[in-house]
Structure formats: C-alpha cells, structure tokens
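Please look at the chain shown below with its charged side chains and its nonpolar interior in mind. The paragraphs that follow take these topics in turn.

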Amino acid sequence: MVFDVDGYMWGKNPAPGGGFTIVNEHNELVKRIPVKKAKWTNNDAELWAVAAAVHIAQTGDTIRSDSEVIVKWWVPRGVCKSRPDLNKLCQFVHNGLRDKRLTLVWVSRNENRAGLYNDTHKGR
C-alpha cells in the first residue's frame, strides 16, 4: 500500500494547532487528525503525519511526503538537530521504517494526495 501524508496548520507558522492527513493509493482518506498545540509548526505537522503512517503501515508499504526536511534530512539520520524536542518522534519513525521495511520517498506537492486533500478541506 502507498500512503501519502501531509501536515497542516491553523494560521501562520507557528500556529495554535493544525494536524495531519493520510490518504492511500486509492485516494481514500485513511486518517485526518486535528492537533491543538501551542507553537505547532509545519515541521511538527509533517513529522507527526509520517509517524502516524509508520504506525498503520504494513511491512513493505511506501509512505510519500512532500517535506524535504523530513524525508531527506531528519528521518534518515533519526535526529532533528534544529528541533531536539522532536528527536524521540524522529527516532520512532527512523526505527519503524527499518523494522517494517517501509520506504519513505519525497514527492512534489502536486503529486501528494494528502496535500491535495488538505488544500480542498482547509479548516475542516
């Protein structure tokens, strides 16, 4: 299965909250979780989206994100140097990808089904 993930915020970065969305390869909404948290950032949202996908994914699945920071820097290293408060979550994602033999890939925004869903369901 392929899961596309995307985070969102309520307002500017940082925001008083937001959430994340997961959409599968059949363009079906799998999960949309709102989060109320002071100083919620885009990076919070994106990493939580990937973590939720890791949690539900089965061995060999693929997770796609349009966040280059998450896909190319934080998760492969298993550490968030600029956001040490997210290190435990980053390590969970890093280890989950390895243990479940999942693939995490970057896709452009216009290919990200979860991002497209978020664009059409702002604030809902």
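Arg-109 is partly exposed, because its relative accessibility of 33% lies between the limits of 20% and 50%. The model is a predicted one. Arg-109 forms a salt bridge with Asp-6, and the closest N and O atoms of the two are 2.9 Å apart. This pair connects distant parts of the chain, with Asp-6 in strand S1 and Arg-109 in the loop between strand S5 (103-106) and H4, 103 residues apart. Unlike its partner, Asp-6 is buried, with a relative accessible area of 1%.

Arg-109 also meets the side chain of Asp-66 in a salt bridge, at 3.1 Å from N to O. Asp-66 sits in the loop between strand S4 (62-65) and helix H2 (68-77), whereas Arg-109 belongs to the loop between S5 and H4, so this pair ties together parts that are 43 residues apart in sequence. Asp-66 counts as buried because its relative accessible area, 16%, is under 20%. Through shared partners, salt bridges join Asp-6, Asp-66, Arg-109 and Asp-119 into one network.

Strand S1 takes part in another charged pair. The side chains of Arg-113 and Asp-4 form a salt bridge, with an N to O distance of 3.4 Å. Here too the pair links distant parts of the chain: Asp-4 is in strand S1 (residues 2-9) and Arg-113 in helix H4 (residues 113-120), with their positions 109 residues apart in the numbering. Asp-4 is buried at 0% relative accessibility, while Arg-113 is partly exposed at 22%. Over the whole structure, the search finds 10 salt bridges. Side chains of opposite charge can pair when their charged atoms come close.

The nonpolar interior is the other topic. In soluble globular proteins, nonpolar side chains tend to be buried together. The largest nonpolar core in this model has 25 residues, and Leu-47, Ile-63, Val-93 and Leu-97 touch the most other members. At least two residues of this core come from each of S1, strand S2 (15-24), helix H1 (42-56), H2 and helix H3 (87-99). Which element supplies the largest share of this core? That element is H1, with 7 residues.

Val-93 gives a view of the contacts around one core member. Leaving out residues up to four places away in sequence, Val-93 touches Leu-47, Val-50, Ala-51, Val-54 and Val-75. Leu-47 appears again here, as it is also among the residues that touch the most other core members.

Terms used: Residues numbered from 1 in each chain as written. Predicted model: local features only at pLDDT ≥ 70, side-chain atom pairs only at ≥ 80, totals over all residues. Heavy atoms only, no water. Salt bridge = Lys/Arg side-chain N within 4 Å of Asp/Glu carboxyl O. Helix = DSSP H or I, 4+ residues; strand = E, 2+ residues; numbered from the N terminus. Buried < 20%, exposed > 50% of the residue type's maximum accessible area, 1.4 Å probe, protein only. Core = buried A, V, L, I, M, F, W, Y, C linked by side-chain atoms within 4.5 Å. Contact = heavy atoms within 4.5 Å.
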